[in-house]
Amino acid sequence: MTPHSQYSWLRSSLVMIMTLRESDAGSWNTEEMADFAKSFSLDALGFSVGGIMAFYPSDIPLHPRAKTLGERDLAAEMIASLAKRGIRPIARIDPSMASRALYAERPEWFAQDKTGAPVEVHGHFITCPNGGYYNDFMIRVVEEILTRYAFDGLWANAAQFSPWHTPQCHCTVCQQKFRAKTGKAIPDENWSDPVWRQYNEWRYECIAEWNARVQAAKTRVRPSCAWMPLSQVAESWDHSRVGGWDLDYTEPHQDGIVLEAQRRYANMFWPGLEARYMRSLAPEKGGGITTSYFLPWWRFYRVPVAENRMWAGQVMAQGVMPWIHVTGYQKEQFDHRGLDGLRETFAVFDRNRDTYMEAKPVADLALVYSRHSLDNFGHKDPAARYLDHFRGAYNTMMDQRLAFDILSGNRLTAEMLARYKAVMLPNTACLSDAACAALETYVRNGGHLVSTYRSGDFDEMGAPRETTLLGGLIGAKGTGVTWKSLRAAYAAIRDPSSPLLAGFEGTDLLPVAGDITFMRTDDQPAIPAPLTLVPPVEGEVGSGISVPEFNTINHVTDYPMIVDRRVGKGRIIHFPWQPDLIGFRYGFRDLFRLIANAVRQAEGWRDVATVKGPGLIDLSVMEKSDRLVVSLVNFSAPGSFNTGQRRIIEELIPLHDLEITVDVPSSFRRDRVRLVFAEREIPVTRLDGNRIRFTLPRLEAMETIEMLFG
Ligand SMILES: [Zn+2]
């Protein structure tokens, strides 16, 4: 048996997490709830069992039983109802808070704010992940639940510091534990202080320690049960950073991976981002990405069907399982309008499991995501300093229709990188020595690296590198000068014949804004770079505005906006400015094209698939031994208002007559391909070699085109 095979059901399971409420748990009919689960084609249902509230007759003192249940054992009833329908049970626990009665007995188990006061939410007090509640009480709860009930999975909600938007913990245990490790007191937030950065890192380590403890406990009493604490990546950084959630730390202590994509202030590509990240981080582990039925934090109001189809579709397109989260199954005061739409989406997935499950990505490009850069370069403003670079790179791949994977910057190895024709570092400022060495090896052995701004200038903890990544590769040295917050600047096209500037016919310049760093290289080339800086054209320095009568470009510098060098057998193309971030912020397709041009210069590059026609889509290509699978998720929605809030997607605009070409293996010999959502076949035209072409008549939220071999 391979190490993960006992949890292999997680790799192919549609799952719903249902949060029970004390007020009406007593009146719930488990047969009805199990039917509800079945109507979503589910393989497993997670439901509340213990922690804040026990929905079973717990014998642990001060583990409060839901009063409305009396002596009823809802867990046992639920498991029996699910078993009749062949649905696996998952226990949902929540260690984030406990009762006043428990606080009166064990105040040292609870989080404290800086004044030493406990932190109250919903009449309960917040508990500390380092304290006895998590590490003794909750371990006993886990042991009791898993000893009594045959749960297949154990899922934890809100196992984190500062849950429910509460302040930093200063409890005695935290203070002693941090001092024992560092000799220092718990610092206040100050990103220029290395002690704060150490504290920030320590929170992630503490959560991983607790995960290891729960995994050990469940292994003692029910090893077949899969442990999978909830986590999040990237978009909800404000939550996961203070919480101490980093999959790089926790993944070794989990049997399955569950990432949540509920918050809707996030960019609409978040589920696809998390699915790509999870798949590359631990491809052998199952799990899923959670879509909420409800619109946070209106827990009873549905997300429009259009948005949730796009949300879940991105996950399916990556061969990762879509999960769904419902707060209770309300009979009153509940918005039912989104249920049927999600049922249909899950039913399509259910009928086409062979298409999506166990498929592997076909992508020649890896985009690096770096939590260390988010924190240790992003500091107090990680969206503007780091995340918008990454988002811009993601937006580039969608806009330019490039299939791509996402890799964790913390886990880069030369072997992993060697699988890709191109690797992109969007301002991946903070990289470890090992990651820099892996990237150097990758390039010297023939790899193609595209990077922006301060990539590789700092170590993972944010200390400036003596030799930067670019220094090691091409001898570049920073001058220490960064020109910040440029406005109304340009990049002049000096060599229109350069393939890096393909597609810009008719313009002499591109827009530039944001920051630019100045560096020196030993090999100053005799001819200028193909793209060079035009300083801001403005009346007063920094104003970004000029009077038209005086608005002239009277100086085009030779400062390169593209540093393009061969290194060993490979190549690096570096942008010492922020085309990813500026492209993302302003929606400049030219800057997306500029980055994509750099990617496409990789040796032997050829787009695995191409899509012609208007619209914003997420393209992915997956393969199995007997088929190739191309998925398109439609992101084309009205949204042309600037409200400062991401507007919910009530409607997707269907796209028509998309012309698609794909490279197929020689074992694909058919003259038709299958459309999974439209449920029909369409004809293909053979092009040269192993390229085929077909026209997708209509793309609603999602379509998958399946090419069966033989
Ligand atoms: Zn604490």
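Me: Before we start, what counts as a polar contact?

Reply: A polar contact is a pair of N or O atoms within 3.5 Å, where one must be able to donate a hydrogen and the other to accept it. Keep in mind, too, that this is a predicted model.

Me: Thanks! What makes the pairing of asparagine 352 with arginine 674 a polar contact?

Reply: Their side chains come to 2.9 Å. The cut-off is within 3.5 Å, so the pair qualifies. Asparagine 352 also touches Val676, leaving aside residues up to four places away in sequence.

Me: Where is asparagine 352 in the fold, and why is asparagine 352 called buried?

Reply: Asparagine 352 sits in the loop between α12 (339-351) and α13 (353-356). Its relative accessibility is 7%, and buried means under 20%, so the label fits. For a sense of distance, asparagine 352 and valine 547 are 195 residues apart in sequence, with 61 Å between their C-alpha atoms.

Me: Let's move to aspartate 248. Why does aspartate 248 count as buried?

Reply: Aspartate 248 has 10% relative accessibility, and the limit is under 20%, therefore it counts as buried. This residue belongs to helix α9 (residues 247-250).

Me: What makes the link between aspartate 248 and serine 408 a polar contact?

Reply: The two side chains meet at 2.8 Å, and a polar contact asks for N or O atoms within 3.5 Å. Beyond the four nearest places in sequence, aspartate 248 touches Tyr277, Leu281, Ser408, Asn410 and Arg411.

Me: And arginine 571: how do you know that this residue is buried?

Reply: Arginine 571 has a relative accessible area of 11%; the cut-off is under 20%, so arginine 571 is buried. Its place is in strand β23 (residues 570-575). The side chain of arginine 571 makes a polar contact with that of aspartate 564, at 2.8 Å. Residues touched by arginine 571 include Val443, His448, Arg566 and Gln601. Arginine 88, by contrast, is 483 residues away along the chain, and the C-alpha atoms of the two arginines are separated by 50 Å.

Me: Now the whole chain. How do you know that its radius of gyration agrees with a compact globule?

Reply: For 710 residues, a compact globule would have a radius of gyration near 27 Å; the chain has 27 Å, so the two agree. The C-alpha atoms fill a box of roughly 85 × 65 × 55 Å along the principal axes. Buried residues make up 61% of the chain. Among contacts with a separation of 6 or more, 77% join residues 24 or more positions apart. The chain contains 20 helices and 32 strands.

Me: How much accessible surface does the chain have, and what share belongs to carbon and sulfur atoms?

Reply: The accessible surface comes to about 27200 Å², with 51% belonging to carbon and sulfur atoms.

Me: Which residues have the most contacts inside the largest nonpolar core, and why is this core said to lie between the domains?

Reply: That core has 204 residues, and those with the most contacts inside it are Leu45, Ile145, Trp323, Tyr369 and Leu594. Domain 1 (365-600) and domain 2 (609-708) both give residues to the core, so it lies between them. A second, separate core of 29 residues includes Val362, Leu632, Leu675 and Ile705.

Me: How far apart are the centres of domain 1 and domain 2, and how many residues are in contact?

Reply: Taken over C-alpha atoms, the centres of domain 1 and domain 2 are separated by 30 Å. Six residues of domain 1 are in contact with 12 residues of domain 2.

Conventions. Residues numbered from 1 in each chain as written. Predicted model: local features only at pLDDT ≥ 70, side-chain atom pairs only at ≥ 80, totals over all residues. Heavy atoms only, no water. Core = buried A, V, L, I, M, F, W, Y, C linked by side-chain atoms within 4.5 Å. Buried < 20%, exposed > 50% of the residue type's maximum accessible area, 1.4 Å probe, protein only. Domains from an automatic or database assignment. Helix = DSSP H or I, 4+ residues; strand = E, 2+ residues; numbered from the N terminus. Contact = heavy atoms within 4.5 Å. Rg over C-alpha atoms; globule rule 2.2 N^0.38 Å. Areas by Shrake-Rupley, 256 points an atom, 1.4 Å probe, with all protein chains shown as cover.
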